[in-house]
Each structure stands twice: as structure tokens, then as C-alpha cells.
Amino acid sequence: MIAAYHGTSWLSRRIIKFTRSPLGISHVGWVDHDWSVWEAWTRGGLLHNASLWSVHTPGTIVDLFDVDGLTDAQRLLVADWFERHEGAPYDFASIFGFITRKFMDGNPSGLFCSEAVYAALEYAGRPLLRSTEPAPTEAWQVDPSMLLRSPLLKWVGTFDHPENLQAITHQHG
């Protein structure tokens, strides 16, 4: 499941503005089966966090999206991709590319949030944007707003607190 964050920090507001995010999304992460989250974060690179809000400002609004047709075997491959890349540095240069509107393949070993989610799903055989126009050719070209344009994503709900997740935990847990 993909978590899409409505960030409020200075950097989040710039990402929303310069990616022209119609939903106001600045960051995405991958929600694992236990509700932990894999996310490329400016402090620490690719991390495996205990919950949706572990490293986010309290009250940050999060939209959750299921990936239509993702099999259990593919979910295991997504988890495998994240485990293999855990600790990869954050790719600040590519984020700067969003702001300047010029694709910049900054740090070949680094990752930013949507790049990681896109690459993990591609690795699992479920590319999100191959049927969209124009389709990106590389994961580093995918910003958070672009990722959410995938026709394979199904909105689950919007949440601002862990207690509000109880209703869907029973459906997806």
C-alpha cells in the first residue's frame, strides 16, 4: 500500500508547488503488512519506520492507496527490494530537479521517496506508470504527484492519526 503525505515543512511546500501536485502531496512511502513504512527521508536516507507518522509532524494528513492486482508474491518482492536498499542515501540533487523542472539524475546510489516506491514496484513486476502518457523511462523521473497518477491505484482513505486506521486495519491486516 502507498502512503501519500500532505507535508507541511518548507521543503514539502516547495515540492507541492513545483511538482504542481493537484492533491497537495509532497512525499510517499510504502506501507508494509505490519503497518510499518519504508520511505526515503531527508534525514537518514531509505528507512524502515515503525508507523506512518514515525518521522512526520503530528497531525500530518496521509492518503492511503492500494495497488490493484498486486499479488502476495509481488508484495514479498517489494519488501525484498526495500530490504536490499535500506540505508541508501537520500538523493537531494534529484529533488532539486523537481524545483528547477529539469530532470537531474543526481546520486546514482541515492533515492528519494517516489523513486524508491516506483522502483520497488517495478522490480516486483507491477510498474505503475507504463500505461500513462508520457511514461517515465527511469524511476528518478517520478515525483510524488506523478506516482499517484497511476491507473492501478485505488484510494483507501485519508487519515491524520493512528487511531483512525483501526477501521481499515481489519480490512487489510
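Tutor: A polar contact is a pair of N or O atoms within 3.5 Å, and within protein one must be able to donate a hydrogen and the other to accept it. The model here is predicted.

Student: What makes the pair Asp63 and Trp155 a polar contact?

Tutor: The side chains of Asp63 and Trp155 are joined at 3.5 Å. The cut-off is within 3.5 Å, so the pair counts.

Student: Why is Asp63 said to have no salt bridge?

Tutor: A salt bridge needs a side-chain nitrogen of Lys or Arg within 4 Å of a carboxyl oxygen of Asp or Glu. For Asp63 the nearest side chain of opposite charge is Arg149, 14 Å away, so the criterion is not met. Asp63 is nevertheless buried.

Student: Which residues does Asp63 touch, leaving out those up to four places away in sequence?

Tutor: Among them are Ile2, His6, Ile25, Trp155 and Thr158. Asp63 itself belongs to strand S5, residues 61-67.

Student: How do you know that the span of helix H2 is close to the expected one?

Tutor: H2, residues 72-85, has 14 residues and reaches 20 Å from its first C-alpha to its last. At 1.5 Å a residue, 20 Å is expected.

Student: What puts the buried residues of H2 on the same side?

Tutor: The buried residues are Gln74, Val78, Ala79, Trp81 and Phe82. Their arc around the axis is only 155°, which is why they share a side of H2. The face turned away from that side carries the exposed residues Asp72, Leu76, Glu83 and Arg84.

Student: What covers the buried residues of H2?

Tutor: The cover includes strands S2, S3 and S4, together with helix H4.

Methods
Residues numbered from 1 in each chain as written. Predicted model: local features only at pLDDT ≥ 70, side-chain atom pairs only at ≥ 80, totals over all residues. Heavy atoms only, no water. Helix = DSSP H or I, 4+ residues; strand = E, 2+ residues; numbered from the N terminus. Expected span 1.5 Å × (residues − 1). Buried < 20%, exposed > 50% of the residue type's maximum accessible area, 1.4 Å probe, protein only. Arc of directions from axis to C-beta. Contact = heavy atoms within 4.5 Å. Lys, Arg positive; Asp, Glu negative; His and termini not counted.
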